[in-house]
Amino acid sequence: MRKNKQVLVGITGGIAAYKSPDLVRRLMDRGADVRVVMTESACEFITPLTLQAVSGHPVHQHLLDAEAESGMGHIELARWAEMIVIAPSTANFIAKMATGKADDLLTTLILASKAEIVVAPAMNRQMWQNPTTQENLETLIERGVRIIGPAEGGQACGEIGLGRMTEPDEIAQELLGDGIPKSLTGVRVVLTAGPTWEAIDPVRGITNRSSGKMGFALAEAASDFGAEIILISGPVSLETPQGVERINVVSSQDMFTAVHEHITNADIFIGVAAVSDYRPVMISEQKIKKVEDSMELKLVRNPDILRSVAELEDPPFTVGFAAETECIDENARIKLTNKRIDMIVANNVAGEEGAFDNDCNQITVHTENQSIPIERKSKYQLSVELLEIIVSLWEHNNP
Ligand code: PMT
């Protein structure tokens with residue numbers, strides 16, 4: 001993977017600017033060093049402070065800003081960028097680019113830079129179809145500008161059609177996915193992610209902590225490696241990564257059933273889900289009234305999905321995750337042996353820096369003969385390194 005590509009994200013004034021922080025984060029997840037330039041109208045939709053917090057760098061806004069120029073001046077910024085991505089790019093901004101205007105910082109940088117220029121348009125469908133916009137785009141394409149999107153669907157103005165900004169993970173994948181070897185092309189991966197929910201009654205239940213971020217990052221990275229992915233997810237509020245088939249489940253038993261419906265042809269199974277080990281023996285059809293001062297809940301053990309996959313007659317390469325709060329690696333290695341799996345990924349879930357919900361994580365990958373620590377980094381980057389290890393072992397087992 002190409003690390004630290006220097007990407008300048010330009011944000012112009014459209015409603016799709018709300019997607020730009022996500023794009024910045026996804027580019028950074030893929031190892032890019034990102035700086036942000038916002039036009040004046042972009043600041044009407046989203047604050048520079050948000051972009052500063054996400055990118056970790058001051059946001060550049062004005063051409064004639066003495067303070068900014070004393071940091072990284074606009075010409076220096078133009079030289080620094082290896083790629084300039086304008087997302088969202090309005091019809092007006094595309095017109096300015098086509099006519100070579102340089103009346104603000106972003107247009108000036110585009111003229112002053114030798115970087116690859118990428119435009120992700122976002123506008124009302126009529127504006128997109130307008131011959132002037134299309135001619136302007138033709139001009140840009142002739143000059144070597146790359147256009148990503150727009151996508152089709154419901155628009156902020158209430159109309160339906162072409163004009164939505166392409167989703168951030170699709171843009172990031174298109175821009176920075178190239179460097180990843182497609183070493184899982186044709187390989188079928190089944191992944192579980194997120195928590196499970198074991199109902200007690202219609203309003204209450206037992207669950208495990210998990211935002212789904214680790215499992216979804218792994219699915220996204222596996223997709224970048226060219227794999228065919230089925231992501232079986234418990235209840236989470238995350239978007240499905242590009243190229244990934246998602247199956248939503250609620251309970252541990254639903255997850256068990258979904259896994260076994262799709263595991264027959266799988267080459268690799270990765271269990272990232274935080275599966276509830278127990279479920280209530282009885283689910284009350286009605287909301288249980290709080291009449292008594294105390295109550296007892298009888299629980300029964302859930303089947304172990306990971307172990308059941310490893311015990312199949314012709315099992316896929318099977319990887320588990322161990323969520324631990326103490327003796328992390330020792331406990332993980334015990335699970336590796338007890339569940340009879342090929343690999344376990346140990347992570348610490350204790351404390352604020354723990355694996356739950358954070359964008360970054362630190363893991364150690366254990367196999368029968370090896371323990372490989374991977375330092376703290378974004379869950380996407382961790383996933384890329386984890387998949388590299390999985391690929392090498394899987395290829396070794398399947399020459
Ligand atoms: O989702 P995030 O907020 O990003 O957090 C990520 C994570 C901490 C949830 C993730 O990195 C992680 O550690 N996932 C495993 C959580 C877990 O249930 O760990 P465990 O040690 O209890 O289970 C070990 C393995 O057995 C896991 O692969 C689990 O999916 C599997 N298991 C457990 C119980 C069960 N009944 N069936 C299973 O398959």
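What is the volume of the largest pocket? In this predicted model, the largest pocket has a volume of about 850 Å³. Let's start there and then work our way around the structure.

How do you find a pocket in the first place? Rolling a probe the size of a water molecule over the atoms shows where empty space is left. The largest pocket is lined by 41 residues, and those closest to its centre are A273, A274, V275, F321 and A323. If you want to trace the walls, look for the elements that each give at least two residues to the lining: the strands β8 (188–193), β13 (268–271), β16 (317–324) and β17 (343–348), along with the helices α11 (213–224), α13 (305–310) and α14 (328–338). Sorted by class, the lining of the largest pocket has 18 nonpolar residues, 13 polar ones and ten charged ones.

While you're looking at α14 and β17, check the loop between them, where you'll find R340. R340 isn't a glycine, and yet it has a positive phi of about 55°.

Now for the second largest pocket, which holds about 360 Å³ of space. Its lining is made of 16 residues, with R25, R26, K213, E220 and L238 lying nearest the centre. Which kinds of residue line the second largest pocket? There are eleven charged residues and five nonpolar ones, with no polar residues in the lining. Helices α1 (20–29), α11 and α15 (379–397) each supply at least two residues of this lining. You've met α11 already, as it also supplies at least two residues to the lining of the largest pocket.

That brings us to how helices pack. Two packed helices are described by the angle between their axes and the distance between the axes. For α11 and α15, the angle is about 55° and the axes are 8 Å apart. Angles of 65 to 115 degrees count as roughly perpendicular and those under 35 as roughly parallel, so α11 and α15 are oblique to each other. Their crossing is right-handed. On the α11 side, the contact is made by K213, M214, A217, L218, E220, A221, A222 and D224, while α15 brings in K379, Y380, S383, V384, L386 and L387. By class, the residues of this contact are nine nonpolar, one polar and four charged. Two names here should ring a bell: K213 and E220 are also among the residues nearest the centre of the second largest pocket.

There's another helix pair to look at, α6 (residues 91–99) and α7 (residues 105–112). Their axes come within 10 Å and cross at roughly 40°, which makes α6 oblique to α7. The crossing of α6 past α7 is right-handed. Here F93, K96 and M97 from α6 meet L106, T107 and I110 from α7. This contact has four nonpolar residues, one polar and one charged.

Finally, take a look at the backbone around two prolines. Where does P88 sit? P88 is in strand β3 (residues 83–89), and the peptide bond that leads to P88 from A87 is cis, with omega near 0°. The peptide bond from G149 to P150 is cis too, with omega near 5°. P150 is placed in the loop between β5 (146–147) and β6 (151–154).

Definitions and conventions:
Residues numbered from 1 in each chain as written. Predicted model: local features only at pLDDT ≥ 70, side-chain atom pairs only at ≥ 80, totals over all residues. Heavy atoms only, no water. Axes fitted to C-alpha atoms, helices over the stretch in contact; angles between N-to-C directions. Helix = DSSP H or I, 4+ residues; strand = E, 2+ residues; numbered from the N terminus. Parallel < 35°, antiparallel > 145°, perpendicular 65-115°, else oblique. Left-handed = near helix turned anticlockwise from the far one by under 90°. Contact = heavy atoms within 4.5 Å. Nonpolar A, V, L, I, M, F, W, Y, C, P; charged D, E, K, R; others polar. 1 Å grid on protein atoms, 1.4 Å probe; cavity = no way out; pocket = protein on both sides within 12 Å on 5 of 7 lines; lining within 4 Å. Points joined across faces, edges and corners; volume = space filled by probe spheres on them.
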